[in-house]
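Please open the model in a viewer and keep the selection tool at hand. The stops below proceed from one selection to the next.

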Amino acid sequence: MNKILLIIQREFLERTRKKSFIITTLIMPLIMVGLMIAPSLMAVYGTGDSKQVVIVDESGTVAPQLAQIATPEIKYIDQSQLSIEEARNIYNEDSGIFAILYLDKEAAQDGDVALYTNSSSTPIIEQTMAAHIKAIIEHNKAKEAIPGIDINEVLAKISTEVNIVTSNNDGSSYSSGINYALGLILGMLLYMIIVIYGQMVLTSVVEEKSSRVIDVMVTSCTPFQLMAGKILGIAAVALTQIAIWAVLIIAASKFLIPELFSAEVASSNDMMLTSLFDTLSNTGYIATLLVYLVLYILGGFLLYASIYAAAGSAVDSVQDGQQFNTIIMMPIILAIIVMMSIFQDPNTSVAMWFSMIPFTSPIVMIARIPFGIPVWQIIVSLLILYGTFILTTWIAAKIYRIGIFTHGKRATWRELWQWLRTK
Amino acid sequence: MEPILKVEGVSKYYTGHKALDDVSLEVPRGAVYGLLGPNGAGKTTLIRIITRITMPDAGRILLDGKAITADDIFHIGYMPEERGLYKKMRVGEQAIFFARLKGMTKQDAERRLRVWFERLNIADWWTRRVEDLSKGMAQKVQFISTVVHEPKLLIFDEPFSGFDPINANTLKEEILGLRDRGATIIFSTHNMASVEEICDHITLINRSRNILSGSVEEIRRAAGGNTFEVTHRADDKSFAATLGGHATIMGESRGVAGGYRATKIHIPKDEDVKQVIAALNDECGLRAMNEMMPSMNDIFIRAVNGTL
């Protein structure tokens, strides 16, 4: 059996059998599910006032009935006598009004509705309003269609998809809640994987060195096989953990939440999930997104893991490794800062460049992807990332093969440079 | 017969000191070869150069007459002085892992390891974690991991350190057994007692240099004579004063029956033995003086002190 495979297997089994691995793998989804249902819980049990939504309905066919509806969450106010411009001026941020719902003349036919919000909207609110409007429009259309004969024709005729297109009332560009949440989750996931598993590589190299297992290992395989096996083994652990999380989170929200909470919370949560998946499937890339995610996780992790391995080989204790770790963390932190800024506008040149630079691209690009990024940008970014990964691995291997045999003080930058040039 | 391993003019410098200075030696095929020397003499450095963990600054290592390669090293068995085992792994799994890295199949490795575990009375530890083992226990596991793939060349760095006398004895027998089955064994030690019993050949390294090499029998014969055990009444201080520069005291004196003390001395060839006897007789109450074959320990001390 190939030696790299043997080492991968050893690293993988040692880590996945650890209690700490099993515990974090089980607890993380609980936290995630908790975070997911918290907004639903608040929406249902929240004591906050119901949100007031002003309606400007140019067709005049929806607003009267919509104004009749009052739910715990939403209260509609019909102001169709105003033009939409007037309404947006009057009901600004200071008015205490949550949003202005604008239906143009065609809205009652095509279901395209605009929402101008003064504070951040949520998928649940939007879904609720869409459902209300849908019901009214379909009701109206049904009334028109009754004289007809063919019931199927009637059903086909009345079916109306209501799409709410949201933008900020003050004119600034609006990030949809779903894109925002998805981008944030993906970006943070990449950040976590790179930092936690990257440092695992560093710690593991240092431990192997200080326990002198390294001496036995290098008389059985080459340093490169050892480094590659370790990095790939840990990468396999990371991917396994993410796969388990994905399965557990989906299973928990499908089966556990309906068990534990009232139907109202469950359906609200379900609606959020549905809207999440709707967003994904509407833009047609749930599978593509997964592929990108795996590519960026692997590329980002491998890039940093090789650097962490080289750093680990150059020190004798994990404490000494902290100094290198601080430096390695800098581009990662920078990536997080840039990621936060892209939620304002995912298409600035800063966002674009940082999703090309390989040391920040895994975090920045994966957070941008939900907003819809040209495919060529993603491909170029991935090519740069994997090209750099090959380069850093080559450099890291050169440092590693010498570093693992040096004991005593922490290597200086000059020594690292010498190791790099040693034949 | 061509030696299995040749060390030719190997030197290694670290900033500030020479770890090895032009060391050459030949290890005959099928020998148990001892690398002796005080702590810090350079034994471990030499072993790490042979195993290609460290590169020499000068000289070369030949295995079967050819420059040794990384691939050669992957087939030998090497047990480092500081025991290297994965602490979190279970003993059996770890031994199988190392055996497979050396090219054994899983089934083959497990079968042979089980036999070894039985032999060294550690079969019960198969599923224990390495971190729960004592130093001596971990050492047995390491020993088995080193030899299980039956390499033709075995290198042990200080194999007896950390073992109690009973286990050290077991280890000696196993080393001799491996030799009888055709392996060549090189080991380093500063424990001379182990040398006489199991080594065929030795090299004595002191202060980075090879100061004595050869077969144990020849060395003992060459160094023989002029070593005596003197039984006398004097205390250590006046005994040493009486000898003056004419003889060297070997090791500690010991009390024997009747209030006498026994002290080993070596009288260099250019000194007159009779004069020494006369002086001891006059000053120290000499009772008996017996000539001895030198032990390797004596040879070691004399070689290190430059009085061989």
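Are A:Glu14 and A:Arg10 buried or exposed? Select both residues in this predicted model: A:Glu14 is buried, and A:Arg10 is buried as well.

**Stop 1: a salt-bridge network in chain A**

Keep A:Glu14 and A:Arg10 selected and display their side chains. The two form a salt bridge in which the closest N and O atoms are 2.6 Å apart. Both belong to helix α1 of chain A, where 4 residues, about one turn of the helix, separate them. For a wider view of charged pairs, the count over all chains comes to 26 salt bridges.

**Stop 2: chain A as a whole**

Next, select chain A and show it as a cartoon. Chain A contains 17 helices and 5 strands. Of its 423 residues, 48% are buried. Among the contacts in chain A with a separation of 6 or more, 75% are between residues 24 or more positions apart.

Now pick A:Ala114, which is found in strand β4 (residues 112-117) of chain A. With a relative accessibility of 16%, A:Ala114 falls under the 20% cut-off and therefore counts as buried. Add A:Arg212 to the selection: its C-alpha atom is separated from that of A:Ala114 by 67 Å, and the two residues are 98 residues apart along the chain.

**Stop 3: the contact between the chains**

Select the residues of chain B and chain A that meet. Chain B supplies 22 residues to this contact and chain A supplies 21. The area buried between the two chains is about 2200 Å², with 63% of it given by carbon and sulfur atoms. Which residues of chain B lose the most area to chain A? They are B:Phe74, B:Tyr86 and B:Leu101, which together account for 30% of what that side buries.

Across this interface there are 2 salt bridges. Select B:Arg48 and A:Asp215 to see a salt bridge between side chains, at 2.6 Å from N to O.

**Stop 4: helix α3 of chain B**

Move to residues 91-101 of chain B, which make up helix α3. Here 10 of the 11 residues are buried, so the helix is largely enclosed by the rest of the structure. The buried residues include B:Ile96, B:Phe97, B:Phe98 and B:Leu101. To see what covers them, display α1 (3-16) and α9 (213-218) of chain A and α4 (106-119) and α5 (135-147) of chain B, all of which are included in that cover. Just after α3(B), select B:Gly103, which takes a positive phi of about 105 degrees.

**Stop 5: the sheet of chain B**

Color the strands of chain B next. In what order do the 6 strands of the open sheet stand? The order is β6-β7-β8-β3-β9-β10, and the pairing is mixed. Strands β6 (77-79) and β10 (209-215) stand at the edges with a single partner strand each, so one side of each is left without a neighbour in the sheet. On average, neighbouring strands of this sheet are turned by 10 degrees against each other, direction ignored.

Within the sheet, select β3 (residues 32-36) and β8 (residues 184-189) of chain B, which pair in the parallel sense over 5 bridges. B:Leu35 has B:Ser188 in β8(B) as its bridge partner. Then add helix α11 (residues 296-305) of chain B, which lies across β3, β9 (201-206) and β10 and runs at about 35 degrees to β9(B).

**Stop 6: salt bridges within chain B**

Select B:Asp57 and B:Lys12, a salt bridge with its closest N and O atoms 3.9 Å apart. B:Asp57 lies in the loop between α1 (43-50) and β4 (58-63) of chain B and B:Lys12 in strand β1 (residues 5-14), so the pair ties together parts that are 45 residues apart in sequence. B:Asp57 is partly exposed at 45% relative accessibility, whereas B:Lys12 is buried at 10%.

A further pair is B:Arg112 and B:Glu150, whose side chains meet in a salt bridge at 3.5 Å, N to O. B:Arg112 is in helix α4 of chain B and B:Glu150 in the loop between α5 and β7 (153-157), 38 residues apart.

**Stop 7: the domains of chain B**

Finally, color chain B by domain: domain 1 covers 5-221 and domain 2 covers 225-292. Their C-alpha centres lie 39 Å apart. Select B:Lys237 in helix α9 (residues 236-243) of chain B; B:Lys237 is exposed, with a relative accessible area of 72%. From B:Lys237 to B:Leu5 the C-alpha distance is 47 Å, at 232 residues apart in sequence.

Technical notes
Residues numbered from 1 in each chain as written. Chains lettered and ligands numbered in written order. Predicted model: local features only at pLDDT ≥ 70, side-chain atom pairs only at ≥ 80, totals over all residues. Heavy atoms only, no water. Domains from an automatic or database assignment. Pairing = 2+ DSSP bridges. Helix = DSSP H or I, 4+ residues; strand = E, 2+ residues; numbered from the N terminus. Axes fitted to C-alpha atoms, helices over the stretch in contact; angles between N-to-C directions. Contact = heavy atoms within 4.5 Å. Buried < 20%, exposed > 50% of the residue type's maximum accessible area, 1.4 Å probe, protein only. Buried area = accessible area lost by both parts, 1.4 Å probe. Salt bridge = Lys/Arg side-chain N within 4 Å of Asp/Glu carboxyl O.
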